[in-house]
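Biologist: I've just opened this one and would like to know what lies behind the labels. Can you take me through it?

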Amino acid sequence: MNPKVDEFLNGLDQWQEELSGLRELILDCQLVEEFKWMHPCYTYKGKNIVLIHGFKNYCALLFNKGALLQNVEQILIQQTRNTQAARQIRFTNLTQIEEQKAIIKQYILEAIEVEKLGLKVKTKMVSEYETPVELEQKFKENLEFKEAFKNLSPGRQKGYLLYFSKAKQSATRISRIEKSTERILGEFGLNDCTCGRSKRMPNCDGSHNK
């Protein structure tokens with residue numbers, strides 16, 4: 001057991017029993033307990049297998065390569081339509097976890113086998129993502145900005161494309177692009193730290209607010 005996970009669970013106001021139950025079940029599958037992205041994460045030979053986290057209306061067991069699981073019981077959930085590899089099993093109370101212990105363990109063991117086999121989720125290329133017309137217009141108006149965007153890593157480009165495209169109104173998309181311009185010109189991703197104070201580099205942990 002990782003003491004950081006103990007601290008995390010003891011500090012919860014919601015889902016403490018449920019996440020503790022999932023923790024016990026996962027550890028029974030001989031995975032290594034770590035603490036990543038501010039949540040308990042369980043690994044096999046350094047590779048992320050599952051993560052547990054809580055939301056307002058549910059808590060969940062997140063499989064990093066859930067898209068590769070057979071999902072015989074049809075209980076895996078794609079968190080958003082743009083989520084490619086990860087899948088969740090969601091719970092709203094401890095009883096649900098207790099009743100599905102055997103099934104959950106089967107899914108975890110299958111996820112471990114997927115990792116042992118070295119299987120990878122085929123993800124979409126940047127070129128397969130929709131580029132908002134507002135961003136295309138920005139490229140035409142500012143070639144320096146266009147070049148900076150194209151020089152970003154594929155992951156950072158995807159992050160911006162999804163962020164811009166999620167806005168339903170054109171005015172909102174334009175606003176998001178304008179507010180992100182300096183970050184992109186500085187070669188920073190949407191969630192990258194720009195102040196240098198973050199303890200989760202290169203990701204931002206909100207240290208700039210202090």
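Biologist: How do you know that the span of helix H7 (residues 154-166) agrees with its 13 residues?

Modeller: The expected span of a helix is 1.5 Å times one less than its number of residues. For the 13 residues of H7 that rule gives 18 Å, and the end C-alpha atoms are 18 Å apart, so the two agree. One thing before we go on: this is a predicted model, where local features need pLDDT of at least 70, side-chain atom pairs count only at pLDDT 80 or more, and totals for chains, interfaces and linings use all residues. Residues are numbered from 1 along each chain as its sequence is written, and side-chain values use heavy atoms, with hydrogens and water left out.

Biologist: What makes a stretch a helix or a strand here, and how many are there in the chain?

Modeller: Both are DSSP runs, numbered from the N terminus: helices are H or I with at least four residues, strands are E with at least two. By that rule the chain has 8 helices and 5 strands. Along the sequence they follow the pattern α-α-β-β-β-β-β-α-α-α-α-α-α.

Biologist: Back to H7. Which of its residues are buried, and what do they pack against?

Modeller: Gln157, Lys158, Tyr160, Leu161, Leu162 and Phe164 are the buried ones. Buried means under 20% relative accessible area, exposed means over 50%, and partly exposed is in between (1.4 Å probe, protein chains only). Those H7 residues pack against helix H5 (133-141), helix H6 (143-151) and helix H8 (170-185).

Biologist: Why is Arg173 called buried or exposed?

Modeller: Its relative accessible area is 17%, which falls under the cut-off, so Arg173 is buried. Arg173 is in helix H8. Leaving aside neighbours within four places in sequence, Arg173 is in contact (heavy atoms within 4.5 Å) with Pro132, Glu134, Phe164, Ala167 and Lys168. Phe164 is also one of the buried residues of H7.

Biologist: What makes strand S5 (residues 87-91) count as largely enclosed?

Modeller: 4 of its 5 residues are buried, so S5 is largely enclosed by the rest of the structure.

Biologist: And how many residues of S4 are buried?

Modeller: 5 of its 5 residues, so to speak of S4 as mostly covered is fair. Side chains in a regular strand alternate between the two faces of the sheet. In S4, Cys59, Leu61 and Phe63 are on one side, Ala60 and Leu62 on the other, and all are buried, leaving both faces covered.

Biologist: How do you know that S4 pairs with its partners?

Modeller: Two strands pair if DSSP finds at least two bridges between them. Strand S4 (residues 59-63) and S5 are joined by 5 bridges and run antiparallel. Within that pair, Cys59 stands opposite Phe91, and Leu61 has Ile89 as its bridge partner. Strand S3 (residues 47-54) is likewise joined to S4 by 5 bridges, again antiparallel. Here Val50 stands opposite Phe63, and S3 and S4 form a hairpin with 4 residues between them.

Biologist: What is unusual about phi in Trp37 and Glu187?

Modeller: Most residues other than glycine have a negative phi. Trp37 has a positive phi of about 55 degrees although it is not a glycine, and phi of Glu187 is near 70 degrees, also positive. Trp37 lies in the loop between strand S1 (32-36) and strand S2 (39-44), while Glu187 is in the segment after H8.

Biologist: Why is Trp37 called partly exposed, and why does Glu187 count as exposed?

Modeller: With a relative accessible area of 43%, Trp37 falls in the in-between range, so it is partly exposed. Glu187, at 56%, is over the cut-off and therefore counts as exposed.

Biologist: What does Glu110 touch?

Modeller: Not counting residues up to four places away in sequence, Glu110 touches Leu68, Leu69 and Gln70. Glu110 is found in helix H4 (residues 101-116).

Biologist: What can you say about the chain as a whole?

Modeller: Of its 210 residues, 36% count as buried. Its C-alpha atoms fill a box of roughly 60 × 40 × 35 Å, taken along the principal axes. Among contacts between residues at least 6 apart in sequence, 55% join residues at least 24 apart.
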